[in-house]
Amino acid sequence: MKKQDLPQDESNMKTANMTEVLYVTDDNDNYTTANSIGWEAKKLALDESMALIQERIEEAKQQVANNIVSPIIYFMEVNKMDLSVLASYVGMWKWRVKRHTKPNIFKKLDDKVLKKYADTFGITVNELKNFDGKA
């Protein structure tokens with residue numbers, strides 16, 4: 001693609017003050033790089049991905065409100081993590097983290113363990129303990 005033909009369709013990347021570096025050809029057909037804020041196909045894909053992520057967050061929030069899962073699941077979704085990623089951040093085995101996603105187990109966790117989760121999520125222990133999914 002020629003540098004002057006590089007699409008600059010507004011997308012989520014522009015609202016986040018981000019650009020993507022792409023390889024293009026210059027006037028002499030030499031490869032070079034150029035920044036793009038997106039193009040229509042990429043915008044549609046990003047919008048769809050963000051919508052799916054938002055659905056997962058809302059579903060997790062509802063499950064916390066219904067006492068099906070612990071707040072760990074909600075904050076994990078908000079931070080775009082899965083169990084393996086979260087386990088590595090908090091320095092615990094995946095099976096242990098999965099166990100902590102059960103409300104009855106979560107309620108028994110001490111503040112030292114909760115602090116690991118809270119620090120990973122960028123919140124306080126109090127916010128983690130008191131999140132009920134209803135707000």
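Which backbone oxygen lies 2.5 Å from a polar atom of the side chain of Thr101? The oxygen is that of Lys98. Thr101 is a good place to start a tour of this structure, which is a predicted model.

## Overall layout

The protein contains 8 helices and 2 strands. Following the sequence, these elements come in the order α-β-β-α-α-α-α-α-α-α. The radius of gyration is 21 Å, whereas a compact globule of 135 residues would have one near 14 Å. The C-alpha trace covers about 65 × 30 × 25 Å along the principal axes. Of the 135 residues, 36% are buried. The exposed area of the protein is about 9000 Å², and carbon and sulfur atoms supply 51% of it. If you take the contacts between residues at least 6 apart in sequence, 47% of them join residues at least 24 apart.

## Around Thr101 and His100

Thr101 sits in the loop between α5 and α6. With a relative accessibility of 11%, Thr101 counts as buried because the cut-off for that class is under 20%. Beyond its neighbours up to four places away in sequence, Thr101 touches Val69, Ser70, Ile72, Ile73 and Leu83.

His100 belongs to helix α5, which covers residues 94-100. At 2% relative accessibility, His100 is buried. Leaving out residues up to four places away in sequence, the contacts of His100 are Ser70, Ile72, Met92, Ile105, Phe106, Leu109, Val113 and Tyr117. Ser70 and Ile72 are thus on the contact list of His100 and also on that of Thr101.

## Two helices with a buried face

Helix α4 spans residues 83-90, and its buried residues are Leu83, Leu86, Ala87 and Val90. Viewed down the axis of α4, these residues fall within an arc of 100°, so they line one face of the helix. The face turned away from that buried side carries Ser88 and Tyr89, which are exposed. Cover for the buried residues of α4 includes α3 (71-78), α5 and α7 (111-121). Both ends of α4 have a feature to look at. At its start, a side-chain oxygen of Asp82 comes to within 3.2 Å of the backbone nitrogen of Ser84. After α4 comes Gly91, with a positive phi near 70°.

Helix α7 can be read in a similar way. Its buried residues are Val113, Leu114, Tyr117, Ala118, Thr120 and Phe121. Down the axis of α7 they fall within an arc of 160°, so they too line one face of the helix. What covers them includes α3, α4, α5, α6 (103-106) and α8. Gly122 follows α7, and its phi is positive, near 75°.

## The nonpolar core

In soluble globular proteins, nonpolar side chains tend to be buried together. Here the largest nonpolar core has 27 residues, and those touching the most other members are Tyr74, Phe75, Leu86, Val97, Tyr117, Phe121 and Leu128. At least two residues of this core come from each of α2 (40-65), α3, α4, α7 and α8 (125-130). Phe75 contacts Phe121, Ile123, Leu128 and Phe131, not counting residues up to four places away in sequence.

## The strand region

Strand β2 (residues 31-36) is home to Thr33. Thr33 has 40% relative accessibility and counts as partly exposed. Apart from residues up to four places away in sequence, Thr33 touches Lys3, Val21, Leu22, Tyr23 and Val24. Met18 is found in the loop between α1 (12-15) and β1 (20-25). At 44% relative accessibility, Met18 is partly exposed.

The table sets out two residue pairs from this region, with their C-alpha to C-alpha distances.

| Pair | Separation in sequence | C-alpha distance |
|---|---|---|
| Thr33 and Val21 | 12 residues | 6.3 Å |
| Met18 and Ile37 | 19 residues | 6.9 Å |

Technical notes:
Residues numbered from 1 in each chain as written. Predicted model: local features only at pLDDT ≥ 70, side-chain atom pairs only at ≥ 80, totals over all residues. Heavy atoms only, no water. Helix = DSSP H or I, 4+ residues; strand = E, 2+ residues; numbered from the N terminus. Buried < 20%, exposed > 50% of the residue type's maximum accessible area, 1.4 Å probe, protein only. Contact = heavy atoms within 4.5 Å. Arc of directions from axis to C-beta. Polar contact = N/O pair within 3.5 Å; in protein donor to acceptor, adjacent residues only side chain to side chain. Core = buried A, V, L, I, M, F, W, Y, C linked by side-chain atoms within 4.5 Å. Rg over C-alpha atoms; globule rule 2.2 N^0.38 Å. Areas by Shrake-Rupley, 256 points an atom, 1.4 Å probe, with all protein chains shown as cover.
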